[in-house]
Amino acid sequence: MARVTAVNISQEKGVIKEPIPLGYFKENHGLMGDAHAGEWHRQVSLLGQESIDKIAALGIEGLSAGKFAENLTTEGIDLYKYPVGTRLRIGEAVMEISQIGKKCHTKCAIFEQVGVCAMPREGVFTKVIKGGYIRPGDEIEVLE
């Protein structure tokens, strides 16, 4: 079963996010209180625990949810293999994949602390289509 393992937030861009027990994802905005939220195409970032584990296998210690500045840490689904436009039901919210991967123009705080980053290849970004609460343990369902 595909599910959320962590909901993560930060008030600044480019820093490691901290896990929270529950987040409200507002339609066409993103995670309330998060620095990346707003009216643009990368409202919410998602990264699979499997991607984090690949980096950990390189000998990097201390990796945990939020270290790559992802809002949602997931497991059991390779979201980066789905095309842009795919809709997902996550907890009470519905999201649409708007971008897969990202170009890192500078070495951000995550790269500086971790030494490598999974977001450029395997990070997924979504827009919130229908708002709602998401918490760790919530199921991820591919709608279309």
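Here are some exercises on this predicted model, each with a worked solution.

Residues are numbered from 1 along each chain as its sequence is written. Because the model is predicted, local features need pLDDT of at least 70 and side-chain atom pairs count only at pLDDT 80 or more, while totals for chains, interfaces and linings use all residues; side-chain values use heavy atoms, with hydrogens and water left out.

**Exercise 1. Take stock of the fold.**

How many helices and strands does the protein have?

- Start with the count: there are 3 helices and 11 strands. Both are DSSP runs numbered from the N terminus, with helices being H or I of at least four residues and strands being E of at least two.
- Next, walk the chain from the N terminus: the elements go β-β-β-β-β-α-β-β-β-α-α-β-β-β.
- Then check burial: of the 144 residues, 44% are buried. Buried means under 20% relative accessible area, exposed means over 50%, and partly exposed is in between (1.4 Å probe, protein chains only).
- Finish with contacts, meaning heavy atoms within 4.5 Å. Take those between residues at least 6 apart in sequence: 72% of them join residues at least 24 apart.

**Exercise 2. Lay out the 8-stranded sheet.**

In what order do the strands of the open 8-stranded sheet come?

- Read across: β2-β1-β6-β5-β9-β8-β7-β11, with mixed pairing. Two strands pair if DSSP finds at least two bridges between them.
- Now the edges: β2 and β11 (140-142) each pair on one side only.
- From one strand to the next, the twist averages 40°. Axes here are lines fitted to C-alpha atoms, for helices over the stretch in contact, and angles run from 0 to 180 degrees between N-to-C directions.
- For a parallel pair, look at β5 (residues 44-48) and β6 (residues 72-75), joined over 3 bridges. L46 sits opposite L72 of β6 there.
- Helix α1 (residues 49-56) lies across β5 and β6, at about 60° to β5.

**Exercise 3. Follow β8 and its neighbours.**

Which strands pair with β8, and in what sense?

- One is β7 (residues 87-90), antiparallel to β8 over 4 bridges. The two make a hairpin with 2 residues between them, and G91 in the turn has a positive phi of about 60°.
- Another is β9 (residues 124-130), antiparallel to β8 over 6 bridges. M95 faces V128 of β9 in this pairing.
- As for cover, 6 of the 8 residues in β8 (residues 93-100) are buried.
- Now pick T126 in β9: its relative accessibility is 0%, so it counts as buried. Setting aside residues up to four places away in sequence, T126 touches several residues, including V44, L46, M95 and I97.

**Exercise 4. Work through the salt bridges.**

How many salt bridges does the structure hold?

- The total is 5. The criterion is a side-chain nitrogen of Lys or Arg within 4 Å of a carboxyl oxygen of Asp or Glu.
- Try R87 and E96 to begin with: R87 stands opposite E96 in β8, and their side chains meet at 2.9 Å, N to O. R87 is partly exposed at 27%, as is E96 at 23%.
- Then take E141 and R89, which meet at 3.5 Å, N to O. E141 is in β11 and R89 in β7, so this pair ties together parts that are 52 residues apart in sequence.
- Last up, K81 and D78 meet at 3.4 Å, N to O. K81 is exposed at 58%, whereas D78 is partly exposed at 29%.

**Exercise 5. Map the small sheet and the patch.**

Which residues make the nonpolar surface patch?

- Begin with the open 3-stranded sheet: its order is β4-β3-β10, with antiparallel pairing. β4 and β10 (132-134) are at the edges with a single partner strand each, so one side of each has no neighbour in the sheet.
- β3 and β10 run antiparallel, joined by 3 bridges, and Y24 stands opposite Y133 in β10.
- Now the patch: L22, Y24, M32 and Y133 make a nonpolar area of about 340 Å². Patch residues have over 30% relative accessible area and no salt bridge, with like charges joined within 9 Å and nonpolar side chains (Val, Leu, Ile, Met, Phe, Trp, Tyr) within 5 Å. Accessible areas come from the Shrake-Rupley method with a 1.4 Å probe, and for residues only the protein chains shown count as cover.
- Locate L22: it is in the loop between β2 (18-20) and β3 (23-26), and is partly exposed at 35%.
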